[in-house]
Amino acid sequence: MPELVFFAGTMDCGKSTLALQIQHNRSARGLSGMIFTRDDRAGRGRLSSRLGLVTEAVEAGEGFDFHAHLVRHLTAGGRTDYVIADEAQFLAPEQVDQLARVVDDLGIDVFAFGIMTDFRTHLFPGSRRLIELADRIESLQVEALCWCGARATHNARTVGGKMVVEGAQVVVGDVAGPGGAQGEDVGYEVLCRRHHRRRLTAATAGAGALSPDVLPVDGGTDTPAPART
């Protein structure tokens, strides 16, 4: 039976990479898919991952109707065996309803990928509707890490490296490094709940990039690891 599946997680947990992997695996088996995205960091009509992988996609902006688009495509003789919808947190609730109709009325699998909560820890409207309607909700297995090394569970918005908790829900930014955006640019960083509550980003904590070389490599005496804040 076709399904509406919601793959959810924080930033940096591999959502877009998994979307591209699903597309690759299914196309390699002769299946034809249609990819949608919205407000991707690579620009309109692009689905990109932080690993540098990019593919063309249909931009599903405000007012876009998924069900009508698929019906037109199929009526014109096109083929679609599955649908991928990335950045699904930005979708309006009625657009998620349309994705459910694609599954139920057209018999097409839909794989939606998105972030659960915004920088204020509130559910995105699109994510909330997906939780309500999805046949399955899958948590991404790649755990993003807070600057302290703990599992990151919250998304933070930063301005000049400092966390902010006010502003529009959707502001497209980027992650310039472990400390978030530099200068006064808007950026995003993943944090554990404790440091999100304390508004303590990597920049404000003075933390450097996490490195696998956390122990001395020259045979010297051990140096105690710094205590977590």
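Which residue just after helix 3 takes a positive phi? Select Gly-107: its phi is about 70°. We will come back to helix 3 after a look at the whole model.

**Before you start**

This is a predicted model, in which local features need pLDDT of at least 70 and side-chain atom pairs count only at pLDDT 80 or more, while totals for chains, interfaces and linings use all residues. Residues are numbered from 1 along each chain as its sequence is written, and side-chain values use heavy atoms, with hydrogens and water left out.

**The whole protein**

Show everything as a cartoon, and you have six helices and eleven strands. Helices (H or I, at least four residues) and strands (E, at least two) are DSSP runs, numbered from the N terminus. Of the 229 residues, 41% count as buried; buried means under 20% relative accessible area, exposed over 50%, and partly exposed in between, with a 1.4 Å probe and protein chains only. Take the contacts (heavy atoms within 4.5 Å) with a separation of 6 or more: 73% of them come from residues 24 or more positions apart.

**Stop 1: the six-strand sheet**

Now colour the strands in the order 5-2-6-7-1-8, which gives an open sheet with parallel pairing. Two strands pair if DSSP finds at least two bridges between them. At the edges sit strand 5 (58-59) and strand 8 (136-139), each pairing on one side only.

Select strand 1, residues 4-9. Six of its six residues are buried, so strand 1 is largely enclosed by the rest of the structure. Leu-4, Phe-6 and Ala-8 point one way, whereas Val-5, Phe-7 and Gly-9 point the other way. Six bridges link strand 1 with strand 7 in the parallel sense, and Ala-8 stands opposite Gly-114 there. Strand 8 also runs parallel to strand 1, joined by four bridges; look for Phe-7 opposite Glu-138.

Next, move to strand 2 (residues 33-37), which pairs with strand 6 in the parallel sense over four bridges. Ile-35 has Ile-84 of strand 6 as its bridge partner.

**Stop 2: Ala-19 in helix 1**

Select Ala-19, which you will find in helix 1 (residues 15-28). Is Ala-19 buried or exposed? Ala-19 is buried, with a relative accessible area of 1%. Leaving aside neighbours within four places in sequence, Ala-19 is in contact with Leu-47, Ile-84 and Phe-113. Add Phe-111 to the selection too: Ala-19 and Phe-111 are 92 residues apart in sequence, yet 7.9 Å apart in space from C-alpha to C-alpha.

**Stop 3: helices 2, 3 and 4**

Return to helix 3 (residues 93-106), whose 14 residues reach 19 Å from first C-alpha to last, close to the 20 Å expected at 1.5 Å a residue. The expected span is 1.5 Å times one less than the number of residues. Its buried residues are Gln-95, Val-96, Gln-98, Leu-99, Ala-100, Val-102 and Val-103. What covers these buried residues includes strand 1, helix 2 (66-75), strand 6 (82-85), strand 7 (109-115) and helix 4 (125-133).

Put helix 2 alongside helix 3: they pack at an angle of about 40°, with axes 7 Å apart. Axes are lines fitted to C-alpha atoms, for helices over the stretch in contact, and angles run from 0 to 180 degrees between N-to-C directions. That angle makes helix 2 oblique to helix 3; under 35 degrees counts as roughly parallel, over 145 as roughly antiparallel, 65 to 115 as roughly perpendicular and the rest as oblique. On the helix 2 side, select Phe-66, His-67, Leu-70, Val-71 and Leu-74; on the helix 3 side, Gln-95, Gln-98, Leu-99, Arg-101, Val-102, Asp-105 and Leu-106.

Helix 2 also lies across strand 2, strand 5 and strand 6, running at about 150° to strand 2. Helix 4 lies across strand 1, strand 7 and strand 8, at about 130° to strand 1.

**Stop 4: the three-strand sheet**

Finally, select strands 10, 9 and 11, in that order, for an open sheet with antiparallel pairing. Strand 10 (162-164) and strand 11 are the edge strands, and the twist averages 50° from one strand to the next.

Strand 9 (residues 154-159) is joined to strand 11 by six bridges, with Arg-157 opposite Tyr-188. Strand 9 pairs with strand 10 over three bridges, and there Val-159 has Lys-162 as its bridge partner. End on strand 11 (residues 186-191), where five of six residues are buried.
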